[in-house]
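Student: I am new to this model and would like a close look at how one part of it is put together. Please take me through it slowly, with the terms explained as they come up.

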Amino acid sequence: MKSRGPYRRHSTRFKLQLCQDIRSGVIGRRDAQHTYNVSANLIQLWLTQFDRGELNDEEAEASVIAEYEARIAALERKVGQLTMELDLAKKTPRQPTAGDSDRSFIVTGSRPVPSDGGVK
């Protein structure tokens with residue numbers, strides 16, 4: 001038995017279109033199974049929902065809207081995070097770098113004492 005890979009979610013629009021195609025005879029169940037790599041049980045479940053009227057355009061649109069709202073929320077969180085990082089970067093004093101135009105020197109310790117080098 002071959003593995004089907006990771007768990008997948010199918011959009012309501014996809015399910016609706018597939019069920020319409022199967023019911024109208026455009027594609028058979030087995031062909032749909034192999035073409036879209038979907039199990040027979042899942043296709044049967046979708047067809048049952050389709051026959052009951054549980055799969056419709058309004059539900060498909062609601063699903064798309066929910067996906068968009070989730071994406072918008074994720075982007076808003078990202079914008080908030082980046083805004084906080086930017087504010088923090090503006091408040092943090094900047095350390096001079098080697099490429100700065102002002103020359104800066106770091107002096108530590110006492111001055112070196114010149115030695116006579118052993119020459120008299």
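At what angle do helices H1 and H2 pack, and how far apart are their axes?

Tutor: This is a predicted model, in which local features need pLDDT of at least 70, side-chain atom pairs count only at pLDDT 80 or more, and totals for chains, interfaces and linings use all residues. Residues are numbered from 1 along each chain as its sequence is written, and side-chain values use heavy atoms, with hydrogens and water left out.

H1 and H2 pack at an angle of about 145 degrees, and their axes lie 10 Å apart. Axes here are lines fitted to C-alpha atoms, for helices over the stretch in contact, and angles run from 0 to 180 degrees between N-to-C directions; helices are DSSP runs (H or I, at least four residues), numbered from the N terminus. On the H1 side, Phe14, Leu18, Ile22 and Arg23 make the contact (heavy atoms within 4.5 Å), and they meet Arg29, Ala32 and Tyr36 of H2. By class, these residues divide into 5 nonpolar, no polar and 2 charged, where Ala, Val, Leu, Ile, Met, Phe, Trp, Tyr, Cys and Pro count as nonpolar, Asp, Glu, Lys and Arg as charged, and the others, Gly among them, as polar.

H3 joins the picture from two sides. Helix H2 (residues 29-36) packs against helix H3 (residues 40-52) at about 120 degrees, with axes 10 Å apart, and the two are therefore oblique to each other, a word for angles outside the ranges under 35 degrees (roughly parallel), over 145 (roughly antiparallel) and 65 to 115 (roughly perpendicular). Here Arg29, Ala32 and Gln33 in H2 meet Ala40, Ile43, Gln44 and Leu47 in H3, a contact of 4 nonpolar, 2 polar and 1 charged residues.

H1 and H3 pack at about 85 degrees, again with axes 10 Å apart, and are therefore roughly perpendicular. Their contact includes Phe14, Leu18 and Arg23 of H1 and Trp46, Leu47 and Asp51 of H3, and its residues divide into 9 nonpolar, 1 polar and 3 charged.

The side chains of aspartate 51 and arginine 23 also meet in a salt bridge, at 2.6 Å from N to O (a side-chain nitrogen of Lys or Arg within 4 Å of a carboxyl oxygen of Asp or Glu). This pair links distant parts of the chain, with aspartate 51 in H3 and arginine 23 in H1 (residues 12-24), 28 residues apart.
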